[in-house]
Amino acid sequence: MPCLCDISHTMPLTDIRPLPCARRRMNMFYLIDTSGSMNHNGCIESVNEAMPEIIEILRDVTLGNKDYGEIFVNCIAFSNRARLLEPMPVSALDYSWSNLEAYGLTNMGEAFDLLDAQLRPEAALGATAGNLRPAVILLSDGDPDSGWESHLESLRENPWFADSYKIAIAIGAAPDKVAMRKAISEFTAIGGKGSVISVTDMGKLTEVIRTVSATVSRIASRARVRTETGTETETVDSQIHAGISAALEPLDGVDISAIAPDSPFWD
Amino acid sequence: MPTLRRGTRIALTDGSTVTVGRFLGAGGQGEVYAATDNDGNDKALKWFTNPSLLADSRFAASMAARCQATPPGTSFLWPQALTVPYGSAFGYIMPLKPANYIELGDFFCIDRNPEAYFRSSTARLNAAIAIADSFSRLHLAGCCYQDINDGNFFADPFTGDILICDNENIVVNGHGHNIAGKPRYMAPEVAAGARPSTASDRLSLAVVLYRIFMTDHPFEGIATASGRYRCLSPEDEAIAFGSNAVFCHDADNASNRPHPELHPNSLRFWPAIPQTLKKAFQVSLSSKSLANPEARPASSRWKTLLCNLRSCLLTCHADRSEPVHDFLADTTLPPLCPRCGKPMAPFATLAFDIHHPYRLSAGKSLFLGDSLTAEGRCSTMNVRGRGVVLGLENTGTRTWTVQMPSGKAATASPGCSVVFADGCKIDFGTCRASVIFPTPCL
């Protein structure tokens, strides 16, 4: 029989109350067009209606992630100028939505600048525990003010933006809105991973924003599932695209396509 | 947002129906709801929403077979009946988890669920044994779970009793096709595209067991902390927690030691566990184990090791405050209780013919070998002429035969107790033991 008497232990496990495990941060940015045209067809009301519910969804996803990704949210509203709704992203558990008003022009370029400044380790990406890939959701209903291209070029150089999941929701993207189509196409194509959703039935806008948010947050902050082929693992980007497509394709007045610079989607 | 409305009636393939109740949660594969069957019994309804799964005809066939199969152990919340497709989706019903069970993931975020911590070392050890036992049975049956992670388990924080959900993941070993697993729990070969197997289960099991004892993640350390990765993409993750994973307490590689701010549990709990457990983690989570699936210790070996630790666990009654001081130990033992610093109360050791020596102190249950059913419970007894001494109550179903040092024989039927005396022998029916009492501490 073994000797029972030789060494000692320092302390019992039950005397050490565990501390919460460190969580990686997943930042979600909403770039929301608050130009005057968003007053038409109840667009801004749809945004204001959707966002509190979306925050609830993000809260549920965060809580469901346990010690994994904690979702942080910030919103950049742009009209004559662009502004951050919070100086830094706020945990979905603590975020409270303030309704937006629509007026003025479409200074999308300045919104790109603010996003660029947030997507930096010294800003929103400074979590000690590290970050998951961020997500950026752009929502606009019209041509951006001239000069947006140079701002997007600056943003293009930001590697964290290239890493991000990008989804654009284009409201009423009629063929004559050439600049809007170009801006959204180029924005989502950076990094080659984005999706564009075109909404022509404004009654569906709330549901579209909600579905996009829920799908992106759930998939991007969690796990992956093997595809049927058995050897290929779906990318998270394709899972997000598939998830959004499955939910929105049945809706009339909503179209979704993987975006590419030469995509026939806009035709 | 829940897919199913409360009150919806869903038909089952056995001809009955269930009524959808409250939404309980959602994961990568689908949602879970409370439900009520035709007889008013509470059930849980798993509802698949993942398009990849729903598009996979083999998955539905596999689920149907799962409902017909016998669960490998009592901890599995086993699928009971498949639903008829409703809309474009389907699901299955299973027993509803009792409210006293908490998802294992909650034990890693005590800031959000302050109740989620094990109240005793006994409970913590019981949880580990129950999980090792369940997967040992599953693997012996030729199956693998594929997706062992912190979301699949529920634990009673007071007893360590375990329930295992998401059993649709179970397949015959090597025949999985639609599950990859959860990042940070997947074996490297699975992250690289291989099919999950019992061998990949073993690595995931070691990760879960480590977290039961340590709370933090075994592959999280200074090398996975901020600064090394711009944003941890799934590709980065497959490397950091797969092909490049380094155990934070690796015996030979110090490159990923716990970060003092980010992984305090890995730092604080490690000195408090027995050497045998440390060695088991250092083998199971080593670079050799990561790189070579065949080198991973089988779940049955975990069960044996943990049951041996159960044999060595002791309780101290020198301090009467609650909860009782219990602590894990190897075969070695400190002279003073590490919790209250008082001399250890006398305890008995059962020297078995076929099992690991088993320590008994007041309040501790007796399990024979690797059984999960207690056969006895040790307590203090007031005996005329001897004062307060330890004894063992027969809480099982077999009658024991006891031979006292004097040679006198007696029986202890269920409900009766044996008062310990040094040298007495107990025949438990399946094994025999000599009692060493009191066991010397010094």
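The dialogue below walks through the domains and one group of strands in chain B of a predicted model.

Visitor: What should I keep in mind about the model and its numbering?
Guide: In this predicted model, local features need pLDDT of at least 70 and side-chain atom pairs count only at pLDDT 80 or more, while totals for chains, interfaces and linings use all residues. Residues are numbered from 1 along each chain as its sequence is written, and chains are lettered from A and ligands numbered from 1 in the order in which they are written.

Visitor: Into which domains is chain B divided?
Guide: Domain bounds come from an automatic or database domain assignment. Chain B has domain 1 (9–95), domain 2 (102–304) and domain 3 (313–436).

Visitor: How many residues does each of domains 2 and 3 of chain B bring to their contact?
Guide: Two residues are in contact if their C-beta atoms, placed from the backbone, lie within 7 Å. Domain 2 of chain B brings 14 residues and domain 3 of chain B brings nine residues.

Visitor: How is strand β4 of chain B paired, and is it covered?
Guide: Strands (E, at least two residues) are DSSP runs, numbered from the N terminus, and two strands pair if DSSP finds at least two bridges between them. A residue is buried if 20 or more other C-beta atoms, placed from the backbone, lie within 10 Å of its own. Six of the seven residues of β4(B) (42–48) are buried. β4(B) pairs in the antiparallel sense with β3(B) (30–37) over seven bridges, where Ala34(B) stands opposite Ala44(B), and with β6(B) (91–95) over five bridges, where Leu45(B) has Ile93(B) as its bridge partner.

Conventions
Buried ≥ 20, exposed ≤ 12 C-beta atoms within 10 Å, placed from the backbone. Helix = DSSP H or I, 4+ residues; strand = E, 2+ residues; numbered from the N terminus.
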